[in-house]
Amino acid sequence: MLLADVSETYTDLVTSVFSSTIAAKAWFATAAVILALVQVTTAARIYGKLRFLPERGAAIATTHRWSGRIAFLCTLPVFFHCVTILGFQTPDARVAIHSLMGTFLYGVFAAKVLVVRDRSLPAWALPTAGLTLASLLVVLWLSSSLWYFTNVSFGF
């Protein structure tokens with residue numbers, strides 16, 4: 001029963017900090033969404049669409065890169081629990097939408113990483129990939145963490 005051992009170990013690890021695995025997922029997803037908002041804001045500054053942030057340069061670029069890296073890391077425990085322990089589910093519309101969008105998230109992430117590296121693509125490709133990724137993350141947050149915070153508990 002290897003999966004049972006992984007599930008128990010994961011649950012023990014997560015519940016050493018959080019009250020439940022669902023609470024951990026909600027808070028990690030919330031951190032990822034906040035960092036995604038930092039990503040969108042700094043990207044808008046990099047593209048010259050926002051003027052209230054500091055000048056484009058190393059500080060904005062570094063903030064953009066690191067907020068993305070940390071956001072990605074925040075999604076990993078959520079992804080692990082959803083895929084290996086819960087799996088794809090469709091008991092109601094909210095969960096079905098959440099499961100469907102979750103299956104697309106890492107595909108869109110991989111596409112965005114490839115678009116970042118490919119300088120031959122049109123200028124609109126990178127912002128489109130980034131906004132698609134951020135939008136998927138927000139939909140996932142709305143269909144899970146917001147539901148958890150408003151219907152179950154707001155605590156850790």
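T42 is buried, with a relative accessible area of 5%. The cut-off for buried is under 20%, so T42 meets the definition. This value, like the others here, comes from a predicted model. T42 lies in helix 2, which spans residues 21-46. A polar atom of the T42 side chain sits 3.1 Å from the backbone oxygen of Q39.

**Aromatic pairs**

The structure holds five aromatic pairs. A pair of aromatic rings is described by the distance of the centres and the angle of the planes. Two pairs that share F72 are set out below.

| Pair | Centre to centre | Angle between planes | Class |
|---|---|---|---|
| F72 and Y106 | 6.0 Å | 75° | edge-to-face |
| F72 and F109 | 4.6 Å | 15° | stacked |

F72 lies in helix 3 (residues 58-86) and Y106 in helix 4, so their pair ties together parts that are 34 residues apart in sequence. The pair of F72 and F109 is stacked because the planes meet at 15°, and the cut-off for stacking is under 30 degrees. This second pair also links distant parts of the chain: F72 belongs to helix 3 and F109 to helix 4, with their positions 37 residues apart in sequence.

How exposed are F72 and F109? F72 has a relative accessible area of 26% and is partly exposed. F109 is partly exposed too, with a relative accessible area of 25%. Ring pairs join F72, F79, Y106 and F109 into a cluster.

**Arginines over rings**

Which arginine lies over the face of W66? R69 does, at 4.7 Å from the ring centre. R94 lies over the face of W147, and here the distance to the ring centre is 4.0 Å.

**Nonpolar surface patch**

F88, L100 and F104 make a nonpolar surface patch of about 310 Å². L100 is found in helix 4, residues 93-117. L100 has 39% relative accessibility and therefore counts as partly exposed. Patches take residues with over 30% relative accessible area, and L100, at 39%, clears that cut-off.

**Helix 4 in brief**

Several of these features meet on helix 4. L100 of the nonpolar patch lies there. Y106, the edge-to-face partner of F72, is in helix 4. F109, the stacked partner of F72, is in helix 4 as well.

How values were computed. Residues are numbered from 1 along each chain as its sequence is written. This is a predicted model: local features need pLDDT of at least 70, side-chain atom pairs count only at pLDDT 80 or more; totals for chains, interfaces and linings use all residues. Side-chain values use heavy atoms; hydrogens and water are left out. Patches are made of residues with over 30% relative accessible area and no salt bridge: like charges are joined within 9 Å, nonpolar side chains (Val, Leu, Ile, Met, Phe, Trp, Tyr) within 5 Å. Accessible areas come from the Shrake-Rupley method with a 1.4 Å probe; for residues, only the protein chains shown count as cover. A salt bridge is a side-chain nitrogen of Lys or Arg within 4 Å of a carboxyl oxygen of Asp or Glu. Helices (H or I, at least four residues) and strands (E, at least two) are DSSP runs, numbered from the N terminus. Buried means under 20% relative accessible area, exposed over 50%, partly exposed in between (1.4 Å probe, protein chains only). Rings of Phe, Tyr and Trp (its six-membered ring) pair if their centres lie within 6.5 Å; planes under 30 degrees apart count as stacked, over 60 as edge-to-face and the rest as tilted. A charge sits over a ring if NZ of Lys or CZ of Arg is within 6 Å of the ring centre and within 35 degrees of the ring normal. A polar contact is a pair of N or O atoms within 3.5 Å; within protein, one must be able to donate a hydrogen and the other to accept it, and residues adjacent in sequence count only if both atoms are side-chain atoms.
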